[in-house]
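The following note sets out numbered points for a colleague who is examining this structure at the bench. Each point takes up one part of the chain.

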Amino acid sequence: MDVPCMRAYGTRVVAGVTPGKGGQQVFGVPVYDTVREALAQHHVTASVVYVPASAVREAVFEAVEARIPLILVPTEGVPHHDAADFVAAARAAGVRIIGPNCNGLISPGECKLGGIGGDAPEEIYAPGSIGIISRSGGMSAEIAVTLKNAGYGVSTCVSIGGDLIIGTSPVECLRLFAADSQTQAVVYFGEPGTRAEQALADYLERARYPKPVAALISGDFQEAYPQGTSFGHASAMIQENNDTARAKRRVLQQAGALIVDRMSGIPKLLSGSLDPSCGRA
């Protein structure tokens, strides 16, 4: 259902690619056997890879070799060595990958890629000036609804993915939001596991980030379980003390991020950090 939902929201879906299905149409969209054939007929700026985990590597490499600028990979369970291969290839080619294991991205009122927002994204994502970066697709929606209910809107929301190896890091997203004139503040959602939050803290401190960043890091309960136990996302695993939610909140706060301990605190914190009209839907 993602394709008709994307089209209904304003995303221009111009072609599909499935080997052996060339010449068919799905939802009125022409299907080609290869990415090369599709690009010969259409101008393409993004690709969404809807294939099983075992086929993701080959599909992403085909899109990378075609130099499609943005590739979204929603698939869960992609082998780490496959992800490492295509993420490295994409970086070398100057191609951006979002995911794997992500819900997509949306600029409210303009377009969306992937399943983010479902079939009624306007009920979740209001246009505005707050950027969202989230390691969880579900929490992307929860944050957006919380902001909307408080009268705030979203410039762009990026569900970056819950796997250990992903194509676009929180730091890279923050750099993009820093350069985006529509974005006046950023909300970040993180969880235990990986060095993503430590890298984010290092960047915030080093760059003296010019916009307020509110961070919500969940998962304190994981400290009650043995290290090495994974919850939810494959990367949500505490392997050392620095991987805990408490440790991540501490380093982010020291780097200048605004720390909230519950969802309802996000708009309250932003209201004290922004001009009264900033970020309003």
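1. The place of Thr194 is in the loop that runs between β11 (185-190) and α7 (196-207). The coordinates come from a predicted model. In this model the phi of Thr194 is near 70°, a positive value in a residue other than glycine. Most residues other than glycine have a negative phi, and most peptide bonds are trans. Thr194 has a relative accessible area of 17% and is therefore classed as buried, the limit being under 20%.

2. A positive phi also occurs at Phe27, where the value is about 55° although the residue is not a glycine. Phe27 is found in the loop between β2 and β3. The two strands on either side of this loop, β2 (25-26) and β3 (residues 29-32), run antiparallel and are joined by two bridges. One residue pair can be named here: Val26 has Val29 in β3 as its bridge partner.

3. The β2 and β3 strands belong to an open sheet of three strands, in the order β1-β3-β2, with mixed pairing. Its edge strands are β1 and β2, each of which pairs on one side only. Strands of a sheet pair through backbone hydrogen bonds, either parallel or antiparallel.

4. Strand β10 (154-159) deserves separate comment. β10 is mostly covered, with six of its six residues buried. With β7 (104-107), β10 runs antiparallel, and three bridges join the two strands. Within this pairing, Gly104 stands opposite Ser159 of β10. With strand β9 (residues 127-134), β10 pairs in the parallel sense over five bridges. Here Ile130 has Val154 in β10 as its bridge partner.

5. Where does Thr11 lie? Thr11 is found in the loop between α1 (2-9) and β1 (16-17). With a relative accessible area of 12%, Thr11 is buried, because buried means under 20%. The side chain of Thr11 reaches the backbone oxygen of Lys112 at 2.6 Å. Leaving aside residues up to four places away in sequence, Thr11 touches Met6, Cys111, Lys112 and Leu113.

6. Gly94 is to be set beside Thr11 as a loop residue with another degree of exposure. The loop that holds Gly94 lies between α4 (80-93) and β6 (96-98). Gly94 has a relative accessibility of 64% and so counts as exposed, for which the limit is over 50%. Gly94 and Ile68 are 26 residues apart in sequence, and their C-alpha atoms are 9.4 Å apart in space.

7. The peptide bond from Gly99 to Pro100 should be noted when the backbone is inspected. This bond is cis, with omega near 5°. Pro100 has its place in the loop between β6 and β7.

8. The largest pocket holds about 1,200 Å³ of space. Of the 41 residues that line the largest pocket, Ala15, Gly16, Val17, Ser47 and Val48 are the closest to its centre. Two or more lining residues come from each of α1, β1, β3, α2 (35-41), β4 (46-48), α3 (53-65) and β8 (111-113). The largest share, five residues, is given by α3. By class, the lining of the largest pocket divides into 28 nonpolar, eight polar and five charged residues.

9. How is the second largest pocket lined? The second largest pocket is lined by 15 residues, and Leu105, Ser107, Thr156, Val158 and Leu176 lie nearest its centre. The volume of the second largest pocket is about 310 Å³. At least two residues of its lining are supplied by each of β6, β7, β8, β10 and α6 (170-178). The classes of its lining residues are ten nonpolar, three polar and two charged.

10. Two strands recur across these points. β8 gives two or more residues to the lining of the largest pocket, and β8 also supplies at least two residues of the lining of the second largest pocket. β10, with six of its six residues buried, likewise supplies at least two residues of the lining of the second largest pocket.

How values were computed
Residues numbered from 1 in each chain as written. Predicted model: local features only at pLDDT ≥ 70, side-chain atom pairs only at ≥ 80, totals over all residues. Heavy atoms only, no water. Helix = DSSP H or I, 4+ residues; strand = E, 2+ residues; numbered from the N terminus. Buried < 20%, exposed > 50% of the residue type's maximum accessible area, 1.4 Å probe, protein only. Polar contact = N/O pair within 3.5 Å; in protein donor to acceptor, adjacent residues only side chain to side chain. Contact = heavy atoms within 4.5 Å. Pairing = 2+ DSSP bridges. 1 Å grid on protein atoms, 1.4 Å probe; cavity = no way out; pocket = protein on both sides within 12 Å on 5 of 7 lines; lining within 4 Å. Points joined across faces, edges and corners; volume = space filled by probe spheres on them. Nonpolar A, V, L, I, M, F, W, Y, C, P; charged D, E, K, R; others polar.
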